Each structure stands twice: as C-alpha cells, then as structure tokens.
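Reader: I have a model open and a pile of terms I only half understand. Could you walk me through how they are earned?
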Amino acid sequence: MGAQKKGATARVSEDPEELARHPLQAILLADSFTTKFRPITLERPKVLLPLVNIPMINYTLAWLESAGVEEVFVFCCAHSKQVIDYLESSEWSSQPNFSVTTIESHNSISAGDALRLIYERNVIHGDFVLISGDTVSNMSLTQALQEHKDRRKKDANAIMTMVVKQAKPSPITQQSRLGTDELFMAINPVTKQLLYYEDKAEYSKGFISLDKTLIADNPSVILHNDKQDCYIDICSQEVLSLFTDNFDYQHLRRHFVKGLLVDDIMGYKIFTHEIHSSYAARIDNFRSYDTISKDIIQRWTYPFVPDVLCGSSAIKVERQGTYRASDVTLSRSAQLGSFIFIGQGTKIGNDTKISHSVIGERCTIGSNVTIEGSYIWNNVTIEDGCQLRNAIVCDGVILKSGAVLQPGVILSFKVVVGQQFVVPAYSKVSLLQQPTQQDSDEELEYADSTSGTGELRSDKLNGDIAPDLSETASELGTGGVGYIWKVFEGAYDEEWRHSVAPIPTDKLVKLMLDRDEDEELLTQDGNVISASGELKTDSDGNGSEDDDNEDSRDDYVSFEKEVEATFLRAVHENVKVDLAVLEVNALRLSYNMASVDCGGAIFYSMMKLAVESPHNSASELHRNAADIVTTWQKLLKSFLHDIDEEIEVILKFEEMCLESAKEFAALFPQILHLLYDKEILQEDAILRWADEKEGADESDKVFLKRSEKFIQWLREAEEEEEEEDE
Amino acid sequence: MDFQVVVLAGGNSKSLTPLVSKDVPKPLLPVANHPVLYYVLHQLEESNLKNLIVVVEGEDAGLLVGAWISGTFVDRLHVEIAAVPEDIGTAGALRAISHYLTAKDILAVSGDLVSDVSPGAVAATHRRHDAVVTATLCSVPISGSSELGSSGGKDKTKKPGRYNIIGLDPRKQFLVHIATEVEKDTRLQKHLLHAVGQMEIRSDLMDAHMYAFKRSVLQEVLDRKDTFQSLKQDVVPYLVQSQLKSQAVLSGIPQAEEDGNKKVSFPNNQVMVSQILANASTPSFHELYSMDPDGFAQTRKTHKCCAYIASSSSYCVRLNSIQAFMDINRDVTGEADHLLSDNVIGPSPKLGTKTTVGPHCMLGEGSEMGDKCQVKRSVIGRHCRIGSHVKVVNSVVMNHVTIGDGCIIQGSVICSNVQLQERVVLKDCQVGAGFVVTAGSEYKGESLARKEK
C-alpha cells in the first residue's frame, strides 16, 4: 500500500512543470563511516583533509556547483563542528545560486542513518545527487540526469542511476588503481540495468555465481570486472523512504544496492550510467588518496585543479607539472623534480631533492632532504638530512635531523620523530593512543568511533597527551613524540594493499605465484562441477564417501564443528536439553543438513568429550562415556527418529574408533550395549547394522566381530520374544 | 583446406520413437523426403569440405547409411563410414575413430543438424584465430521455441527451463564460458573474468553442435580424460575452462617440443601471426594474460576457444525430438526452403479431381491422390496411395503409405509402409513403420507402433 501511494505521488511529480520548479538538490555525506584514514581522522574529519593542498570537500562542492546543483545538504557527523565551522568561514556560505546547508548528527553510525535523518527533515523534494564528500569528479551530470528522468517517466521503479567508469583492476592484485577491491557487476547491455553487484567477492572462491532467473530474464547480460563504481548516484525521492522502510540498511552498496537487487517484490530497479572521458573517483583509502592526488596534479580533473580552484594568481603552473606558490623560498641548489606542488610560505633548503610530492603551506624543509612520492601538509618542519618516501605527513609534524620515513608511513598531526630515527614501513603514528578495541568485524565497522564518539574521545585524549609524552618518547627515538599504532594480526598482510606506497615487487611476485597455484586448484574444481553437469545436492552423512562433493563435505565438517561447540557449551554452561535441541536444530536448518547428520554429529561430540575428559584406564573412559550418554540421552534421542538414523550413529561410531578416537576401539561392544540399555539404539537398528556388515570386507568387520557376543545375545532375546508371542 | 570432417550421425534416438527403427536409423529419417543426414552433407559439399568420416552407431545402421551415401553422393564426397558401439557418446565416438584422424584440424558436426550455417565459415574462423576449439552458436530458433518464448513472457506459465549459457569476450570472438542445459545458478570462473575484463553472458544462443577442433589437442584430451563422454557437455567446457592454463593440454603438441633455443622466438611468432590473422589492433586477452607484467616473455601457455556466431537470420535446428521433426519439416518446405537445392514438388504426382494441395507442401514422386483431397502444410513421401476425401494438415507422411478414403490426419507423423484404413481420424499422433490402423478408429495424441518382435 505504502509503496503504491509513493508511486502515485512520484508520478505526479514527474509532470515537467513541477520538475522545473524544483532546483536540483544534492546530499553530500561529509563522513565516510569507515576507519580507513585513521589515525588522521581521529583529529580531523576526512572531508577536510587537504588533497593537493585544498580540502577534499572543496573539490566535491565545486563540482556539484559546476554540474548545476543548486542546493546541497552537507551531512556531518564525526567532527561535525569542524566541518560546519569550515563551511561557514569558506566561500561556499555566500554563493549566489548555490546554497550549502549543513545537517548535523551525533549518533549516526552509517550512511543509512544519515539518509533516514535527512528523510525526517523532509528537505528533499525531487531527484537528488547522492555523493560523499571525498569524491573528485568533473563529469557532466546533464546526460545522466536526463537518462534518469526519461527512465522514470517510463518506469516509476527506476529509482537510482549509478555512475560507473571503465577501470580494469590489476591482473595481479585484483584491485583497482584506487586501491579498492575488485568489483563484479552484471549489467544489461541494452537497458543498462544493474543486475548484480558484488564488491566483496570472496577471494577464496574461484567463481562467482549468478542467479538463474537473472539469466533467464535477460537474454544478454554483460558481467563486468573492469568497471569502477564512482559512488555518484542520482536518486529519486523513494531512495530516502526506502532507507526509512528498511531500517537495517546501513551501507549504500552492501545493503541498499544489494538489497534492492535481490528484492523482487517491490521491483525497484537500479541503472548505470557509464562515463568515458570525464573523471570521477572517490578517495576511499590511502592508495586512492595517492592516485587521485597524482591525477589532480596531472590535470585529469580539470577544471578542478589547484591553480583554478584557488582562484587568485597565488599558484603558478610551471613546466613538468610543477605547481609553485608565489612566495616559496627555494635554495638555489634544491632540485625539484616533476609533478610536485609547493604551497605558500614554504622554505626549502640546499641540495634538497623533491619529486612527485605535494608540500603544503609554511613548511620548513632543511638541507639534503629527499622527498619522493610523499604528501606533506601544512606547517611541517623537516630538518636536515631526512628522507621521506611515499609517506603522508600531517600538519605540525616535526622530523628531526636524519629521520627516515620508510614507504607507507602515516604521521598524524603534530607527531615528532626523533633524530636519526627510522620509522618502519607502513607505520601509522599518532599522538593519540590506538583505540584499544578495534574490531575487524564488518558489522562493527559502523559502530566504530570515527563518528560521534570518536570526536569525544579525541577531545578527552587531547588533554591527556602531555603526561603521556615522556613515557612514549622512546617509541620515536630521542625527542620523538607519538605512538606507533600496532598493526593487527591479519591486517598486516593487507596493509600494503591500501597504502600510499606502491606495492613492493616481492609482493607482486608472490601474488603471481599464488594466483597460478590457485588457478590450478580452481580449474580442477571447475572440472568437478562441469563434468557432473551440476553440483550434487547429496549430503550424505558419511564425509568419507568418495563421490561426496567437496562443498557438501566442507559443509558437513564445519557443521560438525558447530554442533560440537554447541554441545560443549551446553555441557559447560548447563544448558537445558530442550534448549540444546533447539540450537542444534537451528544449526541443522542453517547448514541444510538432515537430522541424520545431527545425530551423527552429536554422538561424535559426546564421544569426543568422553575421550577428552581425564581418564586413566579403559574402564574410566567407559564410565565417562556412560555419564555423558546418560546426561544427554534426550538430546541425542531427539534426532534419532528412525532406524536408519540409529544405524548412522553406529556407523559414525565405527568411523571414530578407526580414525579420531582409537581408544574407543576396545570398548566398542560395551558402548554399543550402553546405547542399547539407554534405549538410544533399538535392537532392530543394531541387528540391521550387523546384517548389512555381514557382506562387507573382512577389514570392515572388525567391530562386528568384537560385538558378536552382544549381537548373538540380542538375536536370542529376539527369538525368545517371538516365541513368547507365539 | 587441411580439414577432416567427422559427421556424428549416431545419437540416442529414444526421443524419436516410433519414427526411427532398425530399418530407418536416425540419420536416414526422412525430412521433407530427404534423409536428415542429407542436409549436413549437402552443406559440407557446398563448403567444399569433402573429406568426411560418418560415424554411425551400430553395424547394421552403418550398412544402411553407407548404402544410401554411396548411392546419393557418389563421386561428390569422399566418405568413410565408421560404425561404433552404441551409447558411447559423441566424445566416445571420436575416441573410437581417433586413429582415422590425421588432418591438422577436425570439424565435428552432428548428423542431425538441419542448418544453413556454412561449415566453411566455421572452419575459416577456427583457422584465423588458430584456435583449439571453435564452437558454432546460433540464435535459439524462433520456430521451435516461439511458443515457449511467448509463454516465458508470462511468468505464470514459465517453466523452470534449462538454459544454454554462453559467455563471450567483449569482441564476441572468444568463448569464455559455456554451459549447456543449466538448471542451477551459473558459476563463472573469476580468473577468466579477470583476464577478459568483461564477459557477455548470453542465454539466447544455442550450441549448434558443429565444432572445429585442433586435432592434436582433441586427441590428447580424449586420451587423458577417458571419462569424457560428450563433446558438448565435457570436452568443450573443459577446453573453455582451461584456456588460460593449457600446459596440461598442450604438452604434447609440436609447439612445446621445439628446441630450447627456438622456443623463445617461436611462440612469439605464433602470437604475431595469429594477431595479424585476427586483424586485431590489440592483442587478445589470451596474449595479454600470457605475458609477464613487463610485457615481454610469455610465461603461461594459453589456448584460444573461439565462437562462430551465425547471423540471426540463419536457420539452425537439431532434429532431436518429434516436435523438432515436425518443425523442421514445416520449415524446410516453408521459410527455409533454400536448404533444399532440388525441386520441392516431385515430378507430376497424380491428383484426383478437386484435390487441392496448399502452399508449403511437398509431394514425393509416384504418389497418387484420389478426389476431393485437401493437403495443407504437409509433406507426403514417395509412392503413397491416398484415397478420396482425405484431409492432411500439418503432417508428415513418409513413403509407401496407404491412406483409405475419408481419413483426416492432423499434426501427425505417418511412417513408411503404414496402412490407414477408411475413415481413420488421427490428431497429433505418431504412427510407426508398417502399422495398420483399422477402419474408423480415432486417436488423439498417441504413439502407435508395431510391437517389436
């Protein structure tokens, strides 16, 4: 109902007259809701970080203005005060046909929250451009907007147009030059409708899987691995209300785009607009900071280049892409290489070499300094003999003489590096201590403290810095100030991927080798799939079956582990049997297993527990097992509904005795008897198992022989019973 | 051209009972009064591919087919007949006749293909790219699946159909993915995607079962993978999947046997030549991929899997079901009549008074019809005797059929030597060879056949 109403109002607003009344609006998210620019973003919001000496947000706003946007809502969250102050003092607050309004929030933790808040404000009245404040572009919006509107006239469900651009990821690292992970998109070549979006494709999987209905509905689909998402979206009003309807949407891509793509009830559609000659890119990580800075210096983003943006004649472009402010004090013997930017009031000493770097305002650079591929912000002091390679150096940093920054180093605000100190590659150094719990969990990324809380923390910490300094002085050499942030385990491998430093050759070589190996495996896997035509859905409980498919076996193993963990928890925390049954059932459903598998897995966990509990002799082990079985018989019983499942348990037990828990081998008949006594196994099941085993190989009958007596006894009992019946 | 053609004229004929029998093996099943095999051989002859091996399942069928070919194409084609055991699949059949294969490239064509796609063009594409395999793709026929297609539009009646999924490179020259009769979600290999950049996934193309293979590679694959049964299901997908790491496949071919010092220059030459031949301004993704990042040495071996996409106007159907049989009969006499080079209406059939034969009909030589008969959109074979007041609509009547007075036949297939007595009414039936339908009986949607003795 609600959707229909919305559709109806949307159709009304499509009336050309009414459209004409609305100025083009844009929502600019001045918070990226990620932690990739830490530690810098603990002290200053990302959108205010200088990009070739101009705060990033200026590029975005300048582009929006040039693209015909008349009203921009800047959503600020982390360090909102700084953003608001900056905008108020800047030229943007006084433009004639371009209004910039800030919307402040202290508790939003994601783009989804931001859009929900904006929806509540009810300020958006038509199609709008959704962009984040770290986007650099010079594309023209006219065509994309027109396409979007034309589509909307035909189909009210076409609510969003995403801008994409050609960018083939590196064949070795599988990441784009912006340092983002590879992206797979399926697009209908005729309608340009987006059908599939996957930016977090698991590397371990050698294939991506497209839904069959997708292919059935579109006779031709182009699957792209060579496109880059520019994060510039043209949205209709519905997008905001959709975020409100789906309060769990957080991330624009991961939740919203993917959510719409899989949802076929509402039928909302997303389309793409590809740009070819113009520039659009988003600064997502340090690597893209580096790449985009270079693109700006090389004027790919024209007219959004420093000399034009600054307006005044303060900055001049010279040969070889050298940008120099008018009042730079440059020693005669300093050697300036190509593609560099030097800001106002900077002094550069004798024999200093600079290439491919950006140096901000009022910096003091001593003699014999080497700077390559680095970004040095304002008021930085670099003493004689320092060497910097591919580093980012924030405002107010002091490098004492002879300090060396290895590639990939990030020095946050006001850090002091001691004399002759070598800062190791990829270190992140800040005056603030590393937040103690940094959760790598995807979900928690949003709840992380870059936003809102981060600000509070930094304010508090600022006060604490002084007493801490003495303790940490040693961390950065004599006279050094700051903490070197620890790289977390696991993250270390990834550090080089997103760093400002180019990827080292040895990593590339290693990756190439890895890739070749992977492919070998993958191709083999592929054959398994193709030779049999399709995956078998057979999930036989016996993981050792040869024809069992890789996948289902893996599934079973992990299922078994989960069941074991659940069982152990139940034992240690005295969980009630009913609850345990419920939990195992939930696991069963989520792994799509049969109850046969549960029985096997639970029994396996029980026996494993028995083996692992301390025992000195076989009889103690038997007693352990008996205890556990007695306590948990109800749990086991609830997954054994028929004889087949009981036989499965016996088979499982046999397997255990042979492989994982050989100690039980001697106890096999006793345990069997125990299970019989506890009425877990019916005599029919045992006898059937015995019958089945009768025809097996000799080696297979070991346990049958051992339990011969017991079975004999069972048979006799049965016969007696029958006689009695007669 | 150093091309050897293998016509795979075996195949499971269960779907075509009761049309095919011991006496009429599938390759000889008459389509518009020509055995279906004729169409393939005719196209091959047109393309000047005259060196053929026709593979037939079973010795008896082999003799029958051989007799027919030597009678029809004597002096025009150089044909060898090879009989192979039944049910060994297309790959199995090629394996069985592997020792006959000597040419550099092999063109494997299904014997039940009725098409105007030029085999010569496929062969030329194959050579031009120096490919390991070239598969012929054509649009899903409009005739056969038009009903299915239109019902597909309405979601209600949509069947959980099977799809042929073909992945092509952006220039539509190379095959990057092939999966036939897929019911599940499609899985695409990432490393291929990485190399290609973008892949066009088409579900509106069909594999026409006409492949050109590089002989050395084909034989090696057949030797190595002895479980491979079908060219379509096993061999071609395997080659497509392994195209970027083919050392396993190509280790036996001369390229790898070159001397150490020659080795360096030779593959590069090969690349150059194939690039020039392919008329490509930029190297194909295979070459890019096989280069080191610095762009010099070739570190990986790749092979190319090409696609020949027939133009959408071309005709291409495989005779693999009774429905297809009906469709082909209708099309060959109708819209696709260019497939037959000779005359459609046989020499002067004897027609009774007031008998009308509509357009898109075919009457075989020596057939006779009584008075006041109506024939619409049907094929009638040779030497049939048709009584008076008989109506034949949308049907196929093979040779030596006797139809009594007053019969009405709609949408049915009447095989050879069938006798229909008076006033028989058949609708959507198949009548097997030699069957006798008694007077006055009515059947609808049934398959009538003699019991096999």
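**How the labels are earned**

Author: Sure. Keep in mind that this is a predicted model. Let's start with a residue: Phe37(A) is buried, with a relative accessible area of 3%.

Reader: What makes Phe37(A) count as buried?

Author: Buried means under 20% relative accessible area. Phe37(A) has 3%, so the label fits. Tyr289(A) counts as buried too, at 1%.

Reader: How many aromatic pairs does the structure hold?

Author: There are 19 over all chains. In one of them, the rings of Phe37(A) and Tyr289(A) have their centres 6.3 Å apart and their planes at 70°.

Reader: Why is that pair of Phe37(A) and Tyr289(A) called edge-to-face?

Author: Rings pair if their centres lie within 6.5 Å, and planes over 60 degrees apart count as edge-to-face. With 6.3 Å and 70°, Phe37(A) and Tyr289(A) pass both tests, so edge-to-face is the right name.

Reader: Which parts of chain A does this pair tie together?

Author: Phe37(A) sits in the loop between β1 (25–29) and β2 (50–51), while Tyr289(A) belongs to helix α10 (residues 286–297), so the pair links parts that are 252 residues apart in sequence. Both rings also belong to one aromatic cluster, along with Phe286(A), Tyr375(A), Trp377(A) and Phe413(A).

Reader: What kind of pair do Trp68(B) and Phe73(B) form?

Author: Edge-to-face again: the centres are 6.0 Å apart and the planes make 80°. Both Trp68(B) and Phe73(B) are buried.

Reader: What makes helix α3 of chain A mostly covered?

Author: Count its residues: α3(A) runs over 56–66, and 9 of its 11 residues are buried. Among them are Met56(A), Tyr59(A) and Trp63(A). Just after α3(A), Gly68(A) takes a positive phi of about 95°.

Reader: How many residues of strand β12 in chain A are buried?

Author: For β12(A), residues 220–224, it is 5 of 5. Ser220(A), Ile222(A) and His224(A) point one way, and Val221(A) and Leu223(A) the other. In a regular strand the side chains alternate between the two faces of the sheet.

Reader: How do you know that β12(A) pairs with other strands?

Author: Two strands pair if there are at least two bridges between them. Strand β9 (residues 184–187) of chain A shares 3 bridges with β12(A), so the two pair, in the antiparallel sense. Ile187(A) has Ile222(A) as its bridge partner there. Across the chains, β12(A) and β12 (residues 198–202) of chain B have 5 antiparallel bridges, so they pair as well. His224(A) stands opposite Gln198(B) there.

Reader: What about β23 and β26 in chain B: how many bridges join them?

Author: β23 (residues 396–397) and β26 (residues 413–414) run parallel and are joined by 2 bridges. The cut-off is at least two, so they count as paired. Val396(B) stands opposite Val413(B). Both strands belong to an open parallel sheet of 6 strands in chain B, in the order β17-β20-β23-β26-β29-β32.

Reader: Why do β17 and β32 of chain B stand at the edges?

Author: Each has a single partner strand, so one side of each is left without a neighbour in the sheet.

Reader: Where does the pLDDT of chain A stay under 50?

Author: Residues 1–15 are one such stretch. Over residues 523–550 the pLDDT is below 50 as well. Chain A averages a pLDDT of 79, and 83% of the residues score at least 70.

Note on methods
Residues numbered from 1 in each chain as written. Chains lettered and ligands numbered in written order. Heavy atoms only, no water. Phe/Tyr/Trp six-rings, centres within 6.5 Å; stacked < 30°, edge-to-face > 60°. Helix = DSSP H or I, 4+ residues; strand = E, 2+ residues; numbered from the N terminus. Buried < 20%, exposed > 50% of the residue type's maximum accessible area, 1.4 Å probe, protein only. pLDDT = per-residue confidence, 0-100. Contact = heavy atoms within 4.5 Å.
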